[in-house]
Amino acid sequence: MANYQLQRGTYDAYYEDALNIEKIVSILKRISKSYGYAPIHTPMYEQTALFARSAGETSDIVTKEMFNFLDKSGRDICLRPELTAGVMRAIVTNKLYATKDLPLKLSYYGSAFRYERPQAGRYRQFNQFGIENVGATSYLNDAETIIFGYNSLRILGFPHIILKINSIGDEESRNAYRTALKEFFQNKIENMCPDCKRRFETNPLRILDCKVKEDQEIIKGAPKMSDYLNEQSKEYLNNILKVLDEQGVEYEIDDTLVRGLDYYSHVVFEYHFITENGTSLGAVGAGGHYDNLLREVGGPQLSSVGLAFGVERLNLLLKEINPEEYAKVELDAYLICLGKENLDKVFSLCTTLRNNGFNVDMSFENKSMGASFKIATRKNAKFALIIGENEIANNIVKLKDLNTQEQCDVSLENLVEVLDEKLVD
Ligand code: HAM
């Protein structure tokens, strides 16, 4: 017999886990709607060149983590490592910048793929929920995006959030900072990791993101971006921070935050959380401002800001923070049919209840009362509805509350009403 393995870095979600992921996504969809976002769906794969261009030739995502391959016609295809670039491509392909009001406010949910080394909360296929605000004309767009992320996490059930913010400034500020970093690392780079050596040549800002312990010690002494921000960049950041202060959003400025994608300018941010047991899965969400991405993929220059949450990380942390609130697979009622000859009638009642919006189920096998109650309990049914010869003859069902064990007869005529009332209690 073949033995098919789950692919490295992938996972199966089922029952409670799958349900809770769906719950998280539906909450995020609802919140994004309340901020005026409309959904956009884009393909899971695009031309490799799109991601190489947008994420940045020097980013880890492009140099190490691309899930790319040649299709049967020899096209270089890549499973998307993130959704932002595909959304930009779609805006250009469909000329949304010319046909819809600016800023475009787009939300999305879907899988992303990165060939990373798997670990807790890090997968090769994972899901992101994100928003993009394209055609932003004010720091308020940035503030709104950061607040959307912060408030969403609170609504999802995070008791507090570590929000890290930094500004990587405009082009001029970044160039000045790059020069300063080059000078600083010039005589240290020899002793740093091979990745940093490469980053030194291609994009010294990336060095700040190095996870190697010894390198981090050296990085601690590096010049700070904040000292190289020009007046405009400083003012832009301060305007955003002022709004966050006014809105009671707590944050910390993290000078080392540069993000793993190359398209950002000005403000960048990440949301983190550490549980009471010390579980921390890295950022649960992240984003930033970007000025040139749309132009780089063939559209007009429109300043933008966006963020994406890692849905698996949200799920893992929420499960640990608040298991009580975790979504449960459950039923309003489980129908128990006594006597094989009554199955059709009970099935018909089951359908009527479903058509009235109840979550109900039954077995089509003739099971004993005891076995049926066990199933009802395992399925987390709130009520059991018992129907046998006697009940059918009298047009009633026996309704048993599986929590209190109280039982009563209910006429078929009143069943929908009675169930409705009892489920509200
Ligand atoms: P990112 O920081 O690369 O940003 O990813 C966003 C979030 O996706 C992370 O904070 C993390 O929660 C989750 N994530 C990333 N990689 C993995 C992985 N291998 N396994 C599980 N979760 C992961 C972006 O992707 C940008 N597109 C965000 C953005 C939108 N910036 C502007 N607009």
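**Exercise 1. Sort the shell around the ligand by class.**

Solution. By class, the shell holds 12 nonpolar, seven polar and seven charged residues. Nonpolar covers Ala, Val, Leu, Ile, Met, Phe, Trp, Tyr, Cys and Pro; charged covers Asp, Glu, Lys and Arg; the others, Gly among them, are polar. A residue belongs near the ligand if one of its heavy atoms lies within 4 Å of it. Of the 26 residues around the ligand, Glu82, Thr84, Glu116, Tyr123 and Tyr264 come nearest.

This is a predicted model, in which local features need pLDDT of at least 70 and side-chain atom pairs pLDDT 80 or more, while totals for chains, interfaces and linings use all residues. Residues are numbered from 1 along each chain as its sequence is written, and side-chain values use heavy atoms, without hydrogens and water.

**Exercise 2. Find polar atoms close to the ligand, then its cover and the strands around it.**

Solution. Look for N or O atom pairs within 3.5 Å, the cut-off for a polar contact.
- Step 1: a polar side-chain atom of arginine 259 is 2.9 Å from a ligand oxygen atom.
- Step 2: a polar backbone atom of valine 284 lies 3.3 Å from an oxygen atom of the ligand.
- Step 3: leucine 307 places a backbone N or O atom 3.4 Å from a ligand nitrogen atom.
- Step 4: on its own the ligand has 660 Å² of accessible area (Shrake-Rupley method, 1.4 Å probe). The protein covers 96% of that area.
- Step 5: strands E6 (125–134), E10 (280–290) and E11 (304–310) each give two or more residues to the shell. Strands are DSSP runs of at least two residues, numbered from the N terminus. E10 gives the largest share, six residues.

**Exercise 3. Compare two aromatic pairs.**

Solution. The whole structure has 14 aromatic pairs. Rings of Phe, Tyr and Trp (its six-membered ring) pair if their centres lie within 6.5 Å; planes under 30 degrees apart are stacked, over 60 edge-to-face, the rest tilted.
- Step 1: tyrosine 14 and tyrosine 15 are edge-to-face, 6.4 Å centre to centre, with 85 degrees between the planes. Tyrosine 14 is exposed at 56% relative accessibility. Tyrosine 15 is exposed at 59%. Exposed means over 50% relative accessible area, buried under 20% (1.4 Å probe, protein chains only).
- Step 2: tyrosine 271 and phenylalanine 309 are tilted, at 6.1 Å and 45 degrees. This pair links distant parts of the chain, strand E9 (residues 267–274) and strand E11, 38 residues apart. Tyrosine 271 is buried at 0%. Phenylalanine 309 is buried at 1%.

Terms used. A polar contact is a pair of N or O atoms within 3.5 Å; within protein, one must be able to donate a hydrogen and the other to accept it, and residues adjacent in sequence count only if both atoms are side-chain atoms. Helices (H or I, at least four residues) and strands (E, at least two) are DSSP runs, numbered from the N terminus.
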